[in-house]
Amino acid sequence: MPTYATAQDYADYAGSSGPADIERRLARASERIDELLVQAIYETDDQEFPVDPKLREAVTKATCAQAAWVLAVGDEFGTASAFKDVTMGTVRLTRADGEGASPRYAQDAVSILHQAGFLVAVMTC
């Protein structure tokens, strides 16, 4: 599976270089973008990148948006979405019922892919 953005792409998008492990985080963000694109139909090259430059740029930008959002919310693996409430003193966990759960995808990433024509309907994250 490809990593759709480089550390330089992220720096250009976010205006900062990001953490030392930004390449790994971009690889993880690429996995989320692949999930969003699972039903999209577009021509790819031998590295699985979109051939159309506009679509390629959108995938790169969406990957950077996803990585930036995950860094901002601090929930790299999406575990916060499983719980509505967490207390550490005397440990109290309340499972999320689906409402109010943390989203899996950055709304900016979804919007970028939608505007590029990848997503027919905008999903609420």
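A search of the whole structure finds seven salt bridges, a salt bridge being a side-chain nitrogen of Lys or Arg within 4 Å of a carboxyl oxygen of Asp or Glu. The model is predicted, so that local features need pLDDT of at least 70 and side-chain atom pairs count only at pLDDT 80 or more, while totals for chains, interfaces and linings use all residues. Residues are numbered from 1 along each chain as its sequence is written, and side-chain values use heavy atoms, with hydrogens and water left out.

The secondary structure of the protein chain comes to four helices and two strands, where helices (H or I, at least four residues) and strands (E, at least two) are DSSP runs numbered from the N terminus. Along the sequence these elements follow the pattern α-α-α-β-β-α. Of the 125 residues in the protein chain, 30% are buried; buried here means under 20% relative accessible area, exposed means over 50%, and partly exposed lies in between (1.4 Å probe, protein chains only). The chain exposes about 7600 Å², of which carbon and sulfur atoms supply 52%, with accessible areas taken from the Shrake-Rupley method with a 1.4 Å probe and, for residues, only the protein chains shown counting as cover. Among contacts (heavy atoms within 4.5 Å) between residues at least 6 apart in sequence, 59% join residues at least 24 apart.

In soluble globular proteins, nonpolar side chains tend to be buried together. The term nonpolar core stands for a set of buried Ala, Val, Leu, Ile, Met, Phe, Trp, Tyr and Cys residues joined through side-chain atoms within 4.5 Å. In this model the largest such core has 20 residues, and those with the most contacts inside it are Ile-33, Leu-37, Val-59, Leu-113 and Phe-118. Helices α2 (22-36), α3 (53-73) and α4 (107-115) each supply at least two residues of this core, and the largest share, five residues, comes from α3. A second, separate core of seven residues includes Ala-5, Tyr-10, Cys-64 and Ala-67.

Ile-33 shows how the larger core is connected: leaving aside neighbours within four places in sequence, Ile-33 is in contact with Tyr-4, Val-59, Ala-62, Thr-63, Gln-66, Ala-109 and Leu-113. One of these partners, Gln-66, is found in helix α3 and is buried, with a relative accessible area of 0%. With the same neighbours within four places left aside, Gln-66 is in contact with Ala-29, Arg-32, Ile-33, Arg-104, Tyr-105, Ala-106 and Ala-109.

Arg-32, one of the contacts of Gln-66, leads back to the charged pairs. Arg-32 forms a salt bridge with Glu-35, the closest N and O atoms being 2.5 Å apart, and both residues lie in helix α2, three residues apart, about one turn of the helix. Arg-32 counts as buried at 9% relative accessibility, whereas Glu-35 counts as partly exposed at 29%. This pair belongs to a network of salt bridges that links Arg-28, Glu-31, Arg-32, Glu-35 and Arg-104.

Another salt bridge joins Arg-56 and Asp-45, with the closest N and O atoms 3.4 Å apart; this pair links distant parts of the chain, Arg-56 in helix α3 and Asp-45 in the loop between α2 and α3, 11 residues apart. Arg-56 is partly exposed, with a relative accessible area of 32%, and Asp-45 is partly exposed as well, at 27%. Finally, Asp-21, partly exposed at 25% relative accessibility, forms a salt bridge with Arg-25, the closest N and O atoms being 3.0 Å apart.
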